[in-house]
Each structure stands twice: as structure tokens, then as C-alpha cells.
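Ready for a few short exercises on strands and sheets? Have the sequence and the model open, and try each task before you read its solution.

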Amino acid sequence: MSVQAAVAAAEQTHDMKFLGGGTNLVDLMREQIEQPDALVDITGLPLSEIAARTDGGLSIGAGARNTAVAAHPAIRARYPMLSEAILCGASAQIRNMATVGGNLMQRTRCMYFYDQASRCNKRQPGRGCDALEGFTRMHAIVGTSDACIATHPSDMCVALAALDATVRVTGAAGERSIPFTEFHRLPGNTPHLETDLRAGELILSVELPPLDWATTSVYRKVRDRSSYAFALVSVAAAVLVGDGRIEDVRLALGGVGTKPWRAFEAERQLQGARASVDRLRFAIDAELAGARTFAHNHFKIELARRTVVSVLGDLLGLGGGR
Ligand code: SF4
């Protein structure tokens, strides 16, 4: 099958899903949360290449397996935060099956979303949200709404948000590119609408810009177990220092947001600043000033604060005393 044939097949059915690695979609179908009328198998499409771009960046095909992306020499050398983020996710077996496109499309692991006896606006729009008055230890503190407070589960997407990636897609109206930070939506009143994809659109690739100073980037994940656990807080960061000042910085958070959370406000507070622990604390406090916590997740504010200061402090060589 060709890409064009897959897109054409998708147009034939209103409620259709593309099937890649199936590591999330098949689970959701088994639980009867996803019940598409049709699946279009895209595992045979020529979308698994990882190739250099003419601008010096990298293009990662949507069908590339997570394991292949994490192990790719150019990604390990030039964008280590991305390789590290992927290796922090799921298990080796799942990473061998899971694709880049599927990672972008995976759905929340909110326990109420999976429990058919619970009310969930994401599963059944307008029904209500049992998480709001429920057990919220794993839930979000930024980007939430009165309709949904579920976290986005991906590690890889946190690194892609930090790296200013773009998502190349195609559909009946042709190709287009979506900035990664705009690909996932905030829940608002429509938490069932999770991405900017239009009906029938297929992800072709994720494009990485040439960010030379990302060679010293880091992804750090804090979780309950050392493997096969979702983030309580994670941090993807890269920093460019010159003459004791922060010339440029990329910072994104996982485990705290309803989407992979690019910390634009913290970056603004750090750009051009003299590197110090106090400045790092000030920046992350500014980022989280609007955070809203729930019954069991207030700890995420201090955990995010400490993790960001630790990661950026290490990248900046600020040493102990943190
Ligand atoms: Fe559903 Fe979101 Fe509420 Fe979880 S937080 S129950 S996903 S609406």
C-alpha cells in the first residue's frame, strides 16, 4: 500500500484509525474504549527512514520504531535528550513495536478513562470527570480545565516539544506541517479532541531542526519505579552558555501537563540571565505560577522545581548547594 492509498482508504470510513505498532490502540480496543469502524494497516508504508535534512536537521519517519530512533547514531550524538526520553518510556518489548507516529497519538493513562464505570469527558463527552474528586496523584497541574485534568503520558513527546520539532502530515487536502508545541491540544471543554490532526490525516514524519547546542541536552524522569512507570515529573533541557550567561535554553516538562509542556515562561526568564541557582528557581516558579493542584498532587510543584533546578544546574555546571 502507498501513502496515497492509505489516505484514500481512510476517507472511505468516518470512524477510522491508522494501525501502526498498535501498542496503545490495541489495548484501548480490547478495553472497548476505542471501537473504530475500520483500521487501516500502515505498517507496510515506507515511513520508517531517519534521514538528514538539507538544513542540517533530521527527519524521522512516523513509522520508525522507538528502539530504532533511540539507538540511531545521529540522534544519540546530536539530540541525546530524545534518545534518553525514549529509553525512559515503557519496556524494551513495547519500544520495539511502538512507532513515532503512534507515540504522538497515544492516549492518557488516567485510570478513570480506562474504567468504564467511571464518568470521563474524554471517553464520553459531557458525562463528567470522576478524577476531579478522585485519586489525583498522577494527574496534571498545568493546562487543566474543569472538564479534564489527565496528563499526557509520553516521554518522547516532551523531548520533541523542547527541540522545536514539527510534525509533517498529509490528508485529502494535501501536506502540511504543524509546530510540535501546537500538535497536542489543551483539554478545555473538549478533552476528547486531543490533537490538531484533521479527520483522515496521516502523520508522515517528525522534523528536527539543526540545534547544534542540543548535543549536551538531558532528559531526566522521576517516577515510582526505575522502569515501566509513567513520570511523576520529567524534564527535557538544553542550554547554551556564554561568558557566564544563558544565551539560549530549551525546557519542557512531562508528568505535570495535559500536553507535553514546553516551559516558555521559564525560558523567557532564563534567556540572557547570569547562571545561578536562584535564577533557575525564579524561572521555574514563574512557569508554575498558574499551576492548579488537586487532592493528591500538590507535591508535583516542589518536585518539578527541584528536578528543573537539578537538571539545569548540572548542565550549567553550578555544582552542589542545590
Ligand atoms: Fe476522563 Fe480526563 Fe477526567 Fe481522566 S481527567 S476521568 S481522562 S475527563
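**Strands, sheets and a helix**

Strand β10 (residues 245-254) runs antiparallel to β11, and two bridges join them. Keep in mind that this is a predicted model, where local features need pLDDT of at least 70, side-chain atom pairs count only at pLDDT 80 or more, and totals for chains, interfaces and linings use all residues. Residues are numbered from 1 along each chain as its sequence is written, and side-chain values use heavy atoms, with hydrogens and water left out.

**Exercise 1.** Find the sheet that holds β10 and state which strands stand at its edges.

*Solution.*
- Start with the terms: helices (H or I, at least four residues) and strands (E, at least two) are DSSP runs, numbered from the N terminus. Two strands pair if DSSP finds at least two bridges between them.
- Next, read the order: β8-β9-β10-β11, an open sheet of four strands with antiparallel pairing.
- β8 (218-222) and β11 (261-262) each have a single partner strand, so one side of each has no neighbour in the sheet.
- To check the register, look at Ala252, which stands opposite Arg262 in β11.

**Exercise 2.** Which helix lies across β8 and β9?

*Solution.*
- Helix α5 (residues 80-87) lies across β8 and β9 (233-242).
- Its direction is at about 25° to β8, with axes fitted to C-alpha atoms (for helices over the stretch in contact, meaning heavy atoms within 4.5 Å) and angles running from 0 to 180 degrees between N-to-C directions.

**Exercise 3.** Work through the sheet that contains β3.

*Solution.*
- The order is β3-β4-β7-β5-β6, an open, antiparallel sheet of five strands.
- β3 (50-52) and β6 (174-179) are the edge strands; each has a single partner, so one side of each is left without a neighbour in the sheet.
- On average, neighbouring strands of this sheet are turned by 25° against each other, direction ignored.
- Three bridges pair β3 with β4 (residues 58-61) in the antiparallel sense, and Ala51 stands opposite Ser59 in β4.
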